[in-house]
Amino acid sequence: WFAAKYGGFNDTNNSGTPDQTTEWDANGDGVPDNYFLVTNALGLKAQLQKAFDAIIASSRPSGGVSASGARYVVGGTLAYQAKFRNDDWTGDLEAHNLNSDGTLDAPIIWTASGKLPAPASRKIFISKPSGSSYVATPFTVAGLPTAMQTSLTVGLPSGFVLADVVNYLRGDQSKEVGHVGGIYRTRTTVIGDILDSTPAVAFRSGFGYQNLPATINSVATGAGTYQAFVAAKPLNPVVYVGSNDGMLHAFDGAASGGNELFGYIPYAVSGKLGRLTQPSYTHTYFVNGSPVLGDVYNGAWRTTVITSMGQGGRGLFALDVTNPSGFGAGSLMWEFNDTTDADMGTLIGTPSVPTLTQDGKWSVAVGNGYNSARNRAEMFILDANTGAKVAEIDTGAGSSTTPNGMSSAVIADTDVD
């Protein structure tokens, strides 16, 4: 006889107990779904396979849960939960009402996958090189330079066509395996798995910058116009989350929302997008870092979201999301990657919130990550508005034989000046 020590159930109402029959007996056979009986050793393999298949096919929460506001409002505060499936490496974002005890209300208000625009109507941009920097361009065949067009199809099987690859990555499922003549990877949803990216939620709130002095180091801070800027922020919350489909996604976070406002693909991951189309696809990281939100001033206030690629690439990028519904080619502020500086590695941590430093500049502190060219532990200070390197602080730790690196970094005011 064989026995299982641990069981489980699908807690659809977040009660912590299997208080609904469908939570432990979805197929109605009277046997708990997570109970795999073996009375004969010859049946062990089959029952173990059944257990493993159930695990693989499940959709589970990931990353973290974020709320729609800084203050809890009964019946009016939403929580956003990122999810993934590891049978086909797809994902989703769910909105639930947040209960007063911090649990999620069982009913799903909306799923992002159920609210996506038609593939051709989605607002998706990709970064491309422009001299020593980057600019955003629509993610279409016509919008891609020749070199990036080539990189999308390099190594793909015969019959994979550039236009079809782009359409597939935009969400077209008409040529997936299972459709007539379909050759592309089958997906449960067209959103990629969301593993380590915790959603960041922008709502109408500020950072108290109206209390800044009018100037610092003879540079205007914008303090006098900050409160008006905050009052003009979008009323609906906006949810930003990275996904392993190559994009940072922005979703309308209102109870009546859920629709995608835009998707953005950084240049650092663009060269491996074609892998996503293959039926033989094995999991690959793309935009797996967690977004950070902040307000910055440079003659005018704007809200920025800064995101690393996590394990997906060596670098980070900043977008102007002051008006997320109007996101366009001019909304890319900067991208800083290992082409910009070879000491940039794979950043697992998060960049700091943009901070006004004593030289009057808005700056971002970020560790250089791991597996950089010299395998050293370093910190970059970047101009939050332009991405220009203000400083590079080398700890001296790390080499090719004893590799090192630096994760998250923060900016602290130690003398309260």
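A cavity is a set of grid points where a 1.4 Å probe fits but cannot get out, and its lining residues have an atom within 4 Å of such a point. The legends below describe close-up views of a predicted model.

**Figure 1. The largest cavity of the predicted model is lined by 13 residues.** Arg185, Arg187, Val190, Asp245 and Leu276 are the lining residues that lie nearest the centre of this cavity. The enclosed space amounts to about 90 Å³. By residue class, the lining of the largest cavity comprises seven nonpolar, three polar and three charged residues. The structure holds two cavities of 30 Å³ or more.

**Figure 2. Helix H3 supplies the largest share of the lining of the second largest cavity.** Three lining residues come from this helix, which spans residues 146–153. The cavity has a volume of about 30 Å³. Its lining consists of Ile126, Phe139, Leu144, Met148, Ser151, Leu152, Ser270 and Leu273. Of these residues, six are nonpolar and two are polar, and there are no charged residues in the lining.

**Figure 3. Strand E13 is largely enclosed by the rest of the structure.** The strand covers residues 292–297, and six of its six residues are buried. In a regular strand, side chains alternate between the two faces of the sheet. Both faces of E13 are covered: on one side Val292, Gly294 and Val296 are buried, and on the other Leu293, Asp295 and Tyr297 are buried.

**Figure 4. Strands E13 and E14 form an antiparallel hairpin.** Six bridges join E13 to E14, the latter comprising residues 301–308. Tyr297 stands opposite Trp301 of E14. Three residues lie between the two strands of the hairpin, and Gly299 adopts a positive phi near 90 degrees.

**Figure 5. Ser352 is a buried residue in the loop between strands E16 and E17.** Strand E16 covers residues 332–337, and strand E17 covers residues 355–356. The relative accessible area of Ser352 is 5%, which is under the 20% limit, and the residue therefore counts as buried. The side chain of Ser352 reaches the backbone nitrogen of Ala365 at 2.8 Å. When neighbours within four places in sequence are left aside, Ser352 is in contact with Val292, Ser363, Val364, Ala365, Ala409, Val410 and Ile411. Among these contacts, Val292 is a buried residue of strand E13, the strand shown in the two preceding views.

**Figure 6. Thr284 occupies the loop between helix H6 and strand E13.** Helix H6 covers residues 267–270. With a relative accessibility of 10%, under the 20% limit, Thr284 counts as buried. The side chain of Thr284 reaches the backbone oxygen of Thr282 at 3.1 Å. Residues up to four places away in sequence are not counted in the list of contacts, and Thr284 then touches Asn244, Lys272 and Arg275. Lys272 is 12 residues from Thr284 along the chain, and the C-alpha atoms of these two residues are separated by 8.8 Å.

**Figure 7. The complete chain, which has six helices and 20 strands, provides the context for the close-up views.** The protein chain contains 417 residues, of which 46% count as buried. Among contacts in the chain with a separation of 6 or more, 55% are between residues 24 or more positions apart.

Conventions: Residues numbered from 1 in each chain as written. Predicted model: local features only at pLDDT ≥ 70, side-chain atom pairs only at ≥ 80, totals over all residues. Heavy atoms only, no water. Buried < 20%, exposed > 50% of the residue type's maximum accessible area, 1.4 Å probe, protein only. Helix = DSSP H or I, 4+ residues; strand = E, 2+ residues; numbered from the N terminus. Pairing = 2+ DSSP bridges. Polar contact = N/O pair within 3.5 Å; in protein donor to acceptor, adjacent residues only side chain to side chain. Contact = heavy atoms within 4.5 Å. 1 Å grid on protein atoms, 1.4 Å probe; cavity = no way out; pocket = protein on both sides within 12 Å on 5 of 7 lines; lining within 4 Å. Points joined across faces, edges and corners; volume = space filled by probe spheres on them. Nonpolar A, V, L, I, M, F, W, Y, C, P; charged D, E, K, R; others polar.
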